[in-house]
Amino acid sequence: MRLRIFTEPQQGASYETQLAVAKATEDLGFDAFFRSDHFVKMGDVTGEPGPTDSWITLGAIARETSRIRLGTLVTAATFRHPGPLAISVAQVDQMSGGRVDLGLGTGWFEQEHTAYGIPFPSLGERFARMEEQLKILTGLWGTPAGETFAFSGEHYTLAESPALPKPAQLGGPPIIIGGFGPKRTPRLAAQYADEYNVPFHQVEDTGGAFDRVRAACAEAGRDEPPVLSAAQVVCCGRDEAEVKRRADAIGRQVPELRENGLTGTPGELVDKIGRFGELGAERVYLQLLDMHDLDHLELLASEVLSKV
């Protein structure tokens, strides 16, 4: 089981704060540093100093780290045209020496779209745009050097693209598709995903989502399903008082967190991570909501990471 650190910088984190977490992630032995791709805070926080662009941030962090993988959970297809997105991700992959994963989703948070003038079409159109983006991204990255790429779809058209730059990873960075939808998400995961992620669901529900993707892969004739993973908010403490202190710091209640996340003593977390592993999960993303609490990371590394 690989543990990845997953952050939400739109809640209030400068680049320097994110860099400190990423460096600690690497130094402490975790597998990856991931961040959300949002432009507006959620819940009862100020969101100051304001949002940071995910791919600019990851490009900078790529030059300050050497081992951990870097990526998004998830970039919204509504935020960027697929051609410029392919360029940005390929460049960061080069800058990192081939350590990038791209999480791609439809986009869901309407407020951030209206706040920054980003069109927010219907859910059906967002899925259609995402599917075309997946075709374009994989097509651009997979085009042999010296050849051009073209695409004609309902929402995007590319003609005689040089399909440059090429990522460091042959064929392009691994693509992560996440979500809980019963039909469209499993189909897209079966067709395009190197990894399928279930975010913030209980163990039993996560298992059901994994099964839907396995079934979609079988229907599509795919021999092996993508890597399966889960994302869970994390709140760990050596004792109940420390657990409560960390829950209070992120504005959550311990009983709710225990039910819906990875919360409690290190032993409790190890047991629950094991349950995800029994379902087939190979990676768990630990959503670290208090990015200033590096002691939390140290506890997770010494008492959880070392035991899974």
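Strands S9 and S10 pair in the parallel sense over five bridges, where pairing asks for at least two DSSP bridges between two strands. Helices and strands here are DSSP runs (H or I, at least four residues; E, at least two), numbered from the N terminus. To get from S9 to S10 the chain passes through H7, and this β-α-β crossover is right-handed: with the strands pointing away from the viewer, the path from the first strand over the helix to the second runs clockwise. This is a predicted model, so local features need pLDDT of at least 70 and side-chain atom pairs 80 or more, while totals for chains, interfaces and linings use all residues. Residues are numbered from 1 along each chain as its sequence is written, and side-chain values use heavy atoms, with hydrogens and water left out.

Stay with S10 for a moment. On one side, Ala230 is the bridge partner of Val198; Ala230 also stands opposite Val284 in S12. S10 and S12 are parallel too, over six bridges. Strand S11 (residues 262-264) joins S10 through three bridges, again parallel, with Cys235 opposite Thr263. Of the 10 residues in S10, 10 are buried, meaning under 20% relative accessible area (exposed is over 50%, partly exposed in between; 1.4 Å probe, protein chains only). Val227, Ser229, Ala231, Val233 and Cys235 point one way, and Leu228, Ala230, Gln232, Val234 and Cys236 the other.

Now for the helix in the crossover. H7 covers residues 203-220 and reaches 26 Å from first to last C-alpha, close to the 26 Å expected (1.5 Å times one less than its number of residues). Its buried residues include Val203, Phe210, Val213 and Cys217. Among the elements covering them are helix H6 (184-192), S9, S10 and helix H10 (266-278). Just after H7, Gly221 takes a positive phi of about 80 degrees.

Then there are the charges. The whole structure holds 22 salt bridges, each a side-chain nitrogen of Lys or Arg within 4 Å of a carboxyl oxygen of Asp or Glu. Arg69 and Asp101 meet in one, at 2.6 Å from N to O. Arg69 sits in strand S3 and Asp101 in strand S5 (residues 100-105), so the pair ties together parts 32 residues apart in sequence. Arg69 is buried at 19% relative accessibility, and Asp101 is buried at 2%. Glu242 and Arg238 form another, with the closest N and O atoms 3.1 Å apart. Here Glu242 is buried at 13%, whereas Arg238 is exposed at 54%. Shared partners also link Arg2, Arg4, Asp31, Arg69, Asp101, Glu195 and Arg283 into one salt-bridge network.

Note on methods:
Contact = heavy atoms within 4.5 Å.
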